[in-house]
Amino acid sequence: MLNTLPEALSIIFTLEGLLVLVLGTFLGIVLGALPGIGSTVAVAMVMPFTLTMGQAPAILLLLAIYAGSVYGGSVSAILINTPGTPQSAATCFDGFPMAQRGEAGLALGWATVASIIGGVVSAIVLILAAPTLAAFALNFGPIETFALVLLGLTCIVSVSEGSMLKGLIAGTIGLFLAVVGGDPITGEARFTFGQFQLLAGFDLLAVVIGVFAITEVLMRVSGPLDSSNRLTDFKGVVLPRFRDWSGRVKVLVKSVLIGNGIGILPGTGAATAAFISYAEAKRSSPNRAAFGRGEPDGIIASEAANNAVTGGALVPTMALGIPGDAVTAVMLATLTLHGITPGVRLMSDNPVLMGAIFTGFLLINLILLPLGMAVGKIAAPILRLPEAFMLVGIVLLSTVGVYFVRGNPFDLLVMVTAGIFGFILRRQGYPMAPLVIGMVLGPTLEISLRQGLILTNGSFGAFYAGHPIALVLGMITIVMLALPAVNRMRARQGADS
Amino acid sequence: MGSLTRGGPIVAILLLAAISGLILSTFGAAFADLGDAFSPIFFPRIILTVLLALSVLNVVAELRASSAPRTFLWRPVIVLVIGLPIYVLAVDVVGFFLASVPMGAAMLLSLGIRRPTAFLGMPIAAAGTIVILFNHLLVMPLPASPFTWWF
């Protein structure tokens with residue numbers, strides 16, 4: 001690929017190429033920051049405009065929107081506790097508490113740097129190892145996916161602040177909410193109670209925005225408002241100092257690896273990666289005690305992983321023609337519309353084009369820094385408004401965000417109901433993060449379990465017997481579940497002695 | 001008996017009742033009998049059984065727990081709990097702008113904002129900006145009013 005680099009660079013470093021990279025990334029950040037739009041809608045919105053473009057600028061524009069929107073989701077997650085995209089939901093856990101204590105700029109700084117590193121590493125992995133990784137991803141069948149999702153569910157244990165029992169209940173409620181609607185295998189309606197709107201199930205983003213944004217608004221108005229408004233001091237993104245990274249590099253490296261690894265697996269997605277990475281960081285970080293109360297490691301884990309997914313998801317898309325998630329499915333359609341056939345021969349048949357795409361993707365992740373800082377500057381004056389105004393703004397933006405997902409007013413009712421339900425539960429100490437994790441992972445868990453049981457003639461024991469990858473993932477799951485109890489026992493023994 | 005006057009046990013008992021009802025509903029419903037993994041109710045029954053077991057433990061834990069009373073401002077919560085469902089239903093009928101302005105004004109009044117320029121001006125400015133951005137710049141139209149397509 002290196003011998004095609006000069007030609008690839010000559011495609012990027014044209015006025016059209018550079019405009020596409022800069023404007024696409026900026027638009028992606030803005031669209032990602034608006035709750036509800038999300039990466040898939042943002043990419044789909046822009047796709048028709050690419051039809052008049054050449055092959056390379058068209059794909060680069062979509063990649064810029066994709067990478068920009070994944071990062072942009074963290075802006076609203078940190079500043080107003082409303083994840084712009086589901087993949088930023090885990091960023092709320094520590095980003096918003098940092099903003100509440102007057103460190104919004106620094107929280108955005110951690111998110112920006114982690115996003116850039118996650119994205120850049122994923123771009124390098126894409127360039128160097130796409131065909132090899134794509135071949136490995138083919139080893140993941142339903143049983144391996146089930147084992148991976150089960151591992152993802154262990155993060156319910158780590159995000160259950162206060163009461164483990166209440167966290168498990170919230171997580172299981174999330175799993176139940178995910179089964180409402182048409183059965184994925186037979187298509188029969190489940191728990192719809194005659195409501196045809198429920199046939200398509202609860203919209204994930206409506207529930208996520210309900211339990212995060214609307215619940216937060218209700219929680220804030222139920223107590224005295226903070227007249228000091230800690231966001232008043234927010235003047236834009238503040239990059240962390242070099243020495244602040246001490247002890248955090250391990251979390252960053254692990255999160256990037258998790259994001260890349262999960263990204264290459266078709267059908268898992270950035271939200272799963274962010275939650276698994278967050279759980280792993282909470283388990284292994286030296287600052288784990290501060291997780292959930294504004295710990296930068298939590299932001300690094302979530303943002304590095306969800307941005308690392310972007311390059312990873314492109315691996316099966318480009319090298320096998322299998323989309324890694326919904327966004328790459330839209331990109332696959334765009335490649336086909338432009339006369340490019342994704343698959344194992346893509347790189348050998350189009351070396352210059354692929355060189356331009358891969359190099360452009362690397363540049364997109366690098367320009368996230370100045371563009372992210374520019375968006376922070378634009379957002380700053382809005383955040384100096386009094387808290388009562390901010391709460392009204394959150395309600396209006398949440399409504400807009402949920403409406404745009406499917407244009408269905410029923411989703412707005414789901415959002416409000418989820419918000420009120422979340423408020424009642426949160427007042428009694430039930431954490432909301434496990435509910436969202438359950439809902440995100442529920443559909444994949446169900447379909448992989450049922451497909452696996454069909455493959456093994458109903459024998460759950462055979463899941464791990466003939467599947468070494470599933471066995472390793474199963475063992476990691478057991479370790480992740482047992483560790484908190486072991487740590488507690490050790491702490492108790494230490495206290496006794 | 002005192003524990004029942006707190007919110008925790010009441011919420012735990014209501015959750016248990018709702019989950020029990022959902023489990024019972026799976027036995028009354030008619031689904032195609034295709035065997036375990038093929039059955040549409042196979043996975044939900046596993047989830048609901050786990051949830052039922054956890055809820056029973058939760059009721060016991062809540063009845064044995066004690067908690068300190070916390071500050072609770074009823075007025076703004078009631079305004080939102082009643083106002084939000086009405087608002088989201090009104091969005092589809094009178095359009096985003098005309099539904100958002102009264103909702104925003106009611107919220108601000110319940111939060112103690114009394115200056116008309118503030119409790120009316122802010123919702124008009126916020127809803128107006130959103131309408132201009134989405135309807136006219138991004139061309140992603142929000143529900144419009146029956147009177148004009150402008151808002």
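**Exercise 1. Find the residue with positive phi that follows helix α5 of chain A, then describe the helix itself.**

Solution. A:Gly102 follows α5(A) and has a positive phi, near 90°. The model is predicted: local features need pLDDT of at least 70, side-chain atom pairs count only at pLDDT 80 or more, and totals for chains, interfaces and linings use all residues. Residues are numbered from 1 along each chain as its sequence is written, while chains are lettered from A and ligands numbered from 1 in the order in which they are written.

Helices (H or I, at least four residues) and strands (E, at least two) are DSSP runs, numbered from the N terminus. Helix α5 covers residues 89-100 of chain A, twelve residues in all. From its first C-alpha to its last it reaches 17 Å, close to the 16 Å expected at 1.5 Å a residue. The expected span is 1.5 Å times one less than the number of residues.

Next, take burial. A residue is buried if 20 or more other C-beta atoms, placed from the backbone, lie within 10 Å of its own, exposed if 12 or fewer, and partly exposed in between. In α5(A), eleven of the twelve residues are buried; among them are A:Ala89, A:Cys92, A:Asp94 and A:Pro97.

**Exercise 2. Check the length of helix α12 of chain A against the expected span, and state how many of its residues are buried.**

Solution. Helix α12 (residues 270-284) has 15 residues, so at 1.5 Å a residue it should span 21 Å. Its end C-alpha atoms are 21 Å apart, which agrees. Of the 15 residues of α12(A), 13 are buried.

**Exercise 3. Place A:Thr456 and classify its exposure.**

Solution. A:Thr456 sits in the loop between α19 (433-455) and α20 (462-465) of chain A. Because A:Thr456 has 18 C-beta neighbours inside 10 Å, this residue counts as partly exposed. Two residues are in contact if their C-beta atoms, placed from the backbone, lie within 7 Å. Neighbours within four places in sequence aside, A:Thr456 is in contact with A:Ala462 and A:Phe463. A:Ile143 is 313 residues from A:Thr456 in sequence, yet their C-alpha atoms are 9.5 Å apart.

**Exercise 4. Describe the largest nonpolar core.**

Solution. A nonpolar core is a set of buried Ala, Val, Leu, Ile, Met, Phe, Trp, Tyr and Cys residues joined through C-beta atoms within 7 Å. The largest one has 205 residues, and A:Leu62, A:Ile78 and A:Val436 are among those with the most contacts inside it. Helix α4 (residues 55-80) of chain A supplies the largest share of this core, 18 residues. Domain 1 (2-64) and domain 2 (74-137) of chain B each give at least three residues to this core. These domain bounds come from an automatic or database domain assignment. Not counting residues up to four places away in sequence, A:Val436 touches A:Ala89, A:Gly174, A:Val208 and A:Val211.

**Exercise 5. Give the layout of chain B and the make-up of its side that touches chain A.**

Solution. Chain B has six helices and zero strands. The C-alpha centres of its domain 1 and domain 2 lie 37 Å apart. Of its 151 residues, 29% count as buried.

For the interface, 50 residues of chain B are in contact with 48 residues of chain A. α2(B) gives the most to this side of chain B, with twelve residues. The side divides into 41 nonpolar, seven polar and two charged residues. Here Ala, Val, Leu, Ile, Met, Phe, Trp, Tyr, Cys and Pro count as nonpolar, Asp, Glu, Lys and Arg as charged, and the others, Gly among them, as polar.
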